[in-house]
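The exercises below are to be worked with the sequence and the coordinates at hand, and each task is followed by a solution that proceeds step by step.

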Amino acid sequence: MDRPTALAQLRFLLGHHRVVTLVGPRQVGKTTLSLQLKKSKLASRGFWRFDLEDPIDIERLQNPRLALEETDGLVIIDEVQRRPQLFPILRVLVDRGPKSPEVARFFMRSNNTRAVMGNHERKHERYARGLIAEHHFGK
């Protein structure tokens, strides 16, 4: 799939879902593609990025609920498979947040679908099917 098509699909998914994951193998351009979303209308209300391989961002997410509940616009979480415990918090934030288009949309990037849900997979599987839209990107 070419990059413009993938970008259009991601914009569509973000317009219809509060949480979207971009999954694909390493080094195929997931981060580059996700950063292109910064130019989207959604990001004009706010843009936040957390890279879970960056010690500073890891520190910023020590209390993820406090860090994420005040965000708006587009929130990108890179390497989300490193913190599967974020999913129950995202569920709470999405459920309690207003249903307006102005609320934050969470865009997560991972190289492993199974690792994204980790140990929370069975517990949150039914809910995640309705909460999370997943887009696969790769060579």
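**Exercise 1. Leaving aside neighbours within four places in sequence, determine which residues Leu68 is in contact with, and place Leu68 within the largest nonpolar core.**

Solution. Once the neighbours within four places in sequence are set aside, Leu68 is found in contact with Phe50, Leu61, Val75, Leu90, Leu93 and Phe106. The model examined here is predicted, and in it the largest nonpolar core holds 16 residues, of which Leu68, Ile77, Phe106 and Met108 touch the most other members. The next step is to ask which elements contribute: strand S3 (74–78), helix H5 (86–96) and strand S4 (105–110) each provide at least two residues of this core, and H5 gives the largest share, 5 residues. Apart from this core lies another one, of 15 residues, which includes Leu10, Leu33, Leu37 and Leu42.

**Exercise 2. Establish which residues are linked with Glu53 in a network of salt bridges, and describe the individual pairs.**

Solution. A search of the whole structure yields 7 salt bridges. One of them joins the side chains of Arg26 and Glu53, with an N to O distance of 4.0 Å. Arg26 sits in the loop between S1 and H2, whereas Glu53 sits in the loop between strand S2 (47–51) and H3, so this pair ties together parts that are 27 residues apart in sequence. A further salt bridge joins Glu53 and Arg82 at 2.8 Å, N to O; this pair also links distant parts of the chain, since Arg82 lies in the loop between S3 and H5, 29 residues apart from Glu53. Turning to accessibility, Arg26 counts as partly exposed because its relative accessibility is 47%, Glu53 counts as partly exposed at 39%, and Arg82 counts as partly exposed at 48%. The assembled network consists of Arg26, Glu53, Glu79 and Arg82.

**Exercise 3. Compare the settings of Gln27 and Glu79, two residues with a positive phi: which is buried and which is exposed?**

Solution. As background, most residues other than glycine have a negative phi. Gln27 has a phi near 65 degrees and is found in the loop between strand S1 (19–23) and H2. Glu79, also not a glycine, has a phi of about 60 degrees and lies in the loop between S3 and H5. Gln27 counts as exposed because its relative accessibility is 72%, while Glu79 counts as buried because its relative accessibility is 3%.

**Exercise 4. Lys30 is buried and has no salt bridge; find which backbone oxygen its side chain reaches.**

Solution. Lys30 belongs to helix H2 (residues 30–36). The nearest side chain of opposite charge is that of Glu79, 6.1 Å away, and a salt bridge requires a nitrogen to oxygen distance within 4 Å. The side chain of Lys30 instead reaches the backbone oxygen of Pro25, at 2.7 Å.

**Exercise 5. Identify the elements with the lowest and the highest mean pLDDT.**

Solution. For the protein chain the average pLDDT is 78, and 76% of the residues score at least 70. Taken element by element, helix H7 (residues 121–131) has the lowest mean, 51, and helix H3 (residues 55–60) has the highest, 96.

Note on methods. Residues are numbered from 1 along each chain as its sequence is written. This is a predicted model: local features need pLDDT of at least 70, side-chain atom pairs count only at pLDDT 80 or more; totals for chains, interfaces and linings use all residues. Side-chain values use heavy atoms; hydrogens and water are left out. Helices (H or I, at least four residues) and strands (E, at least two) are DSSP runs, numbered from the N terminus. Buried means under 20% relative accessible area, exposed over 50%, partly exposed in between (1.4 Å probe, protein chains only). Lys and Arg count as positive and Asp and Glu as negative; His and the chain ends are not counted. A polar contact is a pair of N or O atoms within 3.5 Å; within protein, one must be able to donate a hydrogen and the other to accept it, and residues adjacent in sequence count only if both atoms are side-chain atoms. A nonpolar core is a set of buried Ala, Val, Leu, Ile, Met, Phe, Trp, Tyr and Cys residues joined through side-chain atoms within 4.5 Å. Contact means heavy atoms within 4.5 Å. pLDDT is the predictor's confidence in each residue, from 0 to 100.
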